[in-house]
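I opened the notebook to record what I looked up, one topic at a time. The entries follow in the order I made them.

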Amino acid sequence: MTVVGLGPMGSKMAETFLGAGFDVAVWNRTASKTEPLVARGARRAASAADGDLLVISQIAYQAMYDSLGEARLDGKVLVNLSSGTPEELRAAARWVAGRGGTLITAGIMVPPPGIGQPGAYSFYSGPKDVLDRHTATLRALGDVVHVGDDEGLAMMYYQSLLLIFWSSLTSQMHAMAMLRTAGVSPLEFLPYARETFTQLGGDGTMGFAKVLAEEFAAGVYPGELNSLHMQAVGLGHVVHALAEAGVETTVPNALKRLFERADAEGRGHEGLGTVIESIRNPDQ
């Protein structure tokens, strides 16, 4: 195989493949980045298209186009773990197919230090029979999770989880910043933040990740015990408290506007899950 792109992620992938005993070639647009890996037993690839299995980790899909240029890809399998939009990935699959190759798209769900470690996994999409032929190799990086033939799906799964990751942790940052103004240490607050994250993903009364999924699947959002209108009023108090503390409120304010919009659309008597109907229909 050839690992194309030797930033922190690609370099760690190449190291992991080497550690697992695979024959690894490496290629990078800045050739000097190959030297540490060559010293560890990798080969220098003659070009980015050198090899039957190309594992690509670059900043964006345009980098793949730039790296491969006009090269033919007949019979080659490209596994691209770069980021892009789902439609960009679908277009890339057509581009690769037009040069005789097959693209498997992927999103790796750990930072570089986690590659190859317990709990690591990646989403993959594209032809499953092609992925199956290389699963034993790719498993060195982490568990292989095929989410469908549509090449855009791996990125949709990847970006969906990143959205949860970023927005959840940013809310924790807001919380810590507000509490700090009252002299509360972030480490003093940490046990409660951790417990909330844990409970939201669980099956108890606070297991809202499951509750929201089930409600959305059914299209019913019960609000008898805790209506969206109550949530919108409470969120208004949160934004006010943040402002009083002198903390930045752009994201919480946007969330408040979303709740208020769903309420104004006549669904304030329903539960929190009804907000997803406003998310799905932004132009109403």
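**Contacts along the chain.** I started with sequence separation. Among contacts in the protein chain with a separation of 6 or more, 56% are between residues 24 or more positions apart. I note here that the model is predicted.

**Overall layout.** I looked up the secondary structure next. The protein chain has 11 helices and eight strands. I then took the extents along the principal axes. The C-alpha trace of the protein chain spans about 65 × 40 × 30 Å. I also checked burial. Of the 284 residues in the protein chain, 39% are buried.

**Strand β1, T2.** I moved on to β1, which covers residues 2–4. T2 lies in this strand. Is T2 buried or exposed? T2 has 2% relative accessibility, so I log T2 as buried. I looked for a partner of its side chain. The T2 side chain reaches the backbone oxygen of D50, and the distance is 2.3 Å. I listed the contacts of T2, leaving aside neighbours within four places in sequence. They are A25, V26, W27, A45, D50, G51, L53, L54 and V55. D50 therefore turns up in the contact list of T2 as well as in the side-chain entry, because a pair at 2.3 Å falls within the 4.5 Å contact cut-off.

**Strand β1, V3.** V3 is found in β1 too. I read its relative accessibility as 0%, so V3 counts as buried. Which residues does V3 touch, not counting those up to four places away in sequence? I found G10, A14, F17, V24, A25, V26, W27 and V55. I compared this with the list for T2. A25, V26, W27 and V55 appear for T2 and again for V3. I also took one distance. V3 and A39 are 36 residues apart in sequence, and their C-alpha atoms are 15 Å apart in space.

**Helix α1, S11.** I turned to α1, residues 8–19, where S11 lies. S11 has 16% relative accessibility. The cut-off for buried is under 20%, so S11 counts as buried at 16%. Leaving aside neighbours within four places in sequence, S11 is in contact with G5, L6 and L37.

**Strand β6, T102.** T102 is found in β6, which covers residues 102–108. I checked its accessibility. The value is 25%, so T102 counts as partly exposed. Leaving aside neighbours within four places in sequence, T102 is in contact with K76, V77, L78, V96, P127 and V130. I measured nothing; I read a computed separation. T102 and D23 are 79 residues apart along the chain, with 21 Å between their C-alpha atoms.

**Loop after β6, I115.** I followed the chain into the loop between β6 and β7 (121–125), where I115 lies. I115 has a relative accessible area of 1%, so I log I115 as buried. What does I115 touch, not counting residues up to four places away in sequence? The list is M9, K12, M13, T16, I108, V110 and L141. M9, K12 and M13 have numbers that fall inside α1, residues 8–19. I looked up P86 as a distance reference. The C-alpha atoms of I115 and P86 are separated by 23 Å, with the two positions 29 residues apart along the chain.

**Helix pair α4 and α6.** I went on to helix packing. Two packed helices are described by the angle between their axes and the distance between the axes. α4 covers residues 86–98 and α6 covers residues 153–180. Their axes come within 8 Å and cross at roughly 155 degrees. That makes α4 roughly antiparallel to α6. The crossing of α4 past α6 is right-handed. Which residues meet? From α4 I have P86, L89 and R90, and from α6 I have M155, M156 and Q159. By class, the contact residues divide into four nonpolar, one polar and one charged.

**Helix pair α6 and α7.** I kept α6 and took α7, residues 186–200, as its partner. The axes come within 11 Å and cross at roughly 145 degrees. α6 passes α7 in a right-handed crossing. On the α6 side I noted S168, L169, Q172, A175, M176, L179 and R180. They meet P186, F189, L190, A193 and F197 in α7. The residues of this contact divide into nine nonpolar, two polar and one charged.

Key:
Residues are numbered from 1 along each chain as its sequence is written. This is a predicted model: local features need pLDDT of at least 70, side-chain atom pairs count only at pLDDT 80 or more; totals for chains, interfaces and linings use all residues. Side-chain values use heavy atoms; hydrogens and water are left out. Axes are lines fitted to C-alpha atoms, for helices over the stretch in contact, and angles run from 0 to 180 degrees between N-to-C directions. Helices (H or I, at least four residues) and strands (E, at least two) are DSSP runs, numbered from the N terminus. Angles under 35 degrees count as roughly parallel, over 145 as roughly antiparallel, 65 to 115 as roughly perpendicular and the rest as oblique. A crossing is left-handed if the near helix is turned anticlockwise from the far one by less than a right angle, and right-handed if clockwise. Ala, Val, Leu, Ile, Met, Phe, Trp, Tyr, Cys and Pro count as nonpolar, Asp, Glu, Lys and Arg as charged, and the others, Gly among them, as polar. Buried means under 20% relative accessible area, exposed over 50%, partly exposed in between (1.4 Å probe, protein chains only). A polar contact is a pair of N or O atoms within 3.5 Å; within protein, one must be able to donate a hydrogen and the other to accept it, and residues adjacent in sequence count only if both atoms are side-chain atoms.
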